[in-house]
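Please look through the sequence and the 3D structure shown below. The report that follows goes through some features of the fold.

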Amino acid sequence: MSGLSIFHNNVRSLKRNLENLQVQLLDELDFHFNIIGVTETKITNSTQLNFETKIPGYEFEYIPTPLASGGVGMYIDNTLEYTVLEKCTNDAFQALWIEIINRDKKNIICGIIYRQETSQS
């Protein structure tokens, strides 16, 4: 891997805004990111995945939120080999950590964290 490109977007509901995210990334920016991080997915423990989350060319890893808002996810380029290191969720925050396997160099650890707005921690 010669370089790693990362994009983050607070989507404020992946179910409602996934199409807008795809239009921004695939059409308007016309740039392929290796990792796309999304926060405030609003994927909850009760709803899980009751909608299509796919973006062509990416695997989707996520951690739901126990509350009405929050939740994080990562779209990881299909060509990358990775391992999920940890998925954490509670009333204060959600976090997802992956390790990208880089055969020629050191592995890369990438994470996305969302702290709940109401959290005092």
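Which residues does G73 touch, not counting residues up to four places away in sequence? In this predicted model, G73 touches I36, G37, V38, T41, F60, E61, Y62, L96 and I112. G73 lies in strand β4, which covers residues 72-77. The relative accessible area of G73 is 0%, and a residue counts as buried when this value is under 20%, so G73 is buried. I63 is 10 residues away from G73 in sequence, and the two C-alpha atoms are 6.3 Å apart in space.

**The nonpolar cores**

In soluble globular proteins, nonpolar side chains tend to be buried together. The largest nonpolar core here has 16 residues, and the members that touch the most other members are L14, L21, I36, V38, F60 and Y75. Two or more residues of this core come from each of α1 (14-29), β2 (35-39) and β3 (58-63). The element that gives the most is α1, with four residues. One core member, V38, touches N9, V11, L21, F60, G71, V72, G73, Y75 and I112, again leaving out residues up to four places away in sequence. There is also a second, separate core of 13 residues, and I35, I98, C110 and Y114 are among them.

**The helix α1**

Which residues of α1 are buried? They are L14, N17, L18, L21, Q22 and L25. An α-helix has 3.6 residues a turn, so residues three or four places apart point the same way. The cover over the buried residues of α1 includes β1 (6-10), β2, β3 and β4.

How far apart are the end C-alpha atoms of α1? They are only 19 Å apart, although α1 has 16 residues and a straight helix would reach 22 Å at 1.5 Å a residue. At N20, α1 bends by about 25°.

**Residues with positive phi**

Three residues with a positive phi are listed below.

| Residue | Phi |
|---|---|
| R12 | near 50° |
| D30 | near 50° |
| E40 | about 55° |

R12 is not a glycine, and it sits in the loop between β1 and α1. Its relative accessibility is 51%, and exposed means over 50%, so R12 counts as exposed. D30 follows α1. E40 is not a glycine either, and it is found in the loop between β2 and β3. Is E40 buried or exposed? Its relative accessibility is 13%, so E40 counts as buried.

**Strands β5, β6 and β7**

Strands β5 (residues 82-89) and β6 (residues 93-100) run antiparallel and are joined by seven bridges. The hairpin between β5 and β6 passes through three residues. In this pair, V84 stands opposite I98 of β6. I98 also belongs to the second core described above.

Strand β6 is joined to strand β7 (residues 108-115) as well, by eight bridges, and these two run antiparallel. Here I100 stands opposite I108 of β7.

**Confidence in the model**

The average pLDDT of the protein is 90, and 94% of the residues score at least 70. Among the elements of the protein, β4 has the highest mean pLDDT, 98, and α1 has the lowest, 88. Where pLDDT is low, the predicted coordinates should not be read in detail.

Technical notes
Residues numbered from 1 in each chain as written. Predicted model: local features only at pLDDT ≥ 70, side-chain atom pairs only at ≥ 80, totals over all residues. Heavy atoms only, no water. Buried < 20%, exposed > 50% of the residue type's maximum accessible area, 1.4 Å probe, protein only. Contact = heavy atoms within 4.5 Å. Core = buried A, V, L, I, M, F, W, Y, C linked by side-chain atoms within 4.5 Å. Expected span 1.5 Å × (residues − 1). Bend = angle between axes of the 7 residues up to and from the residue. pLDDT = per-residue confidence, 0-100. Pairing = 2+ DSSP bridges.
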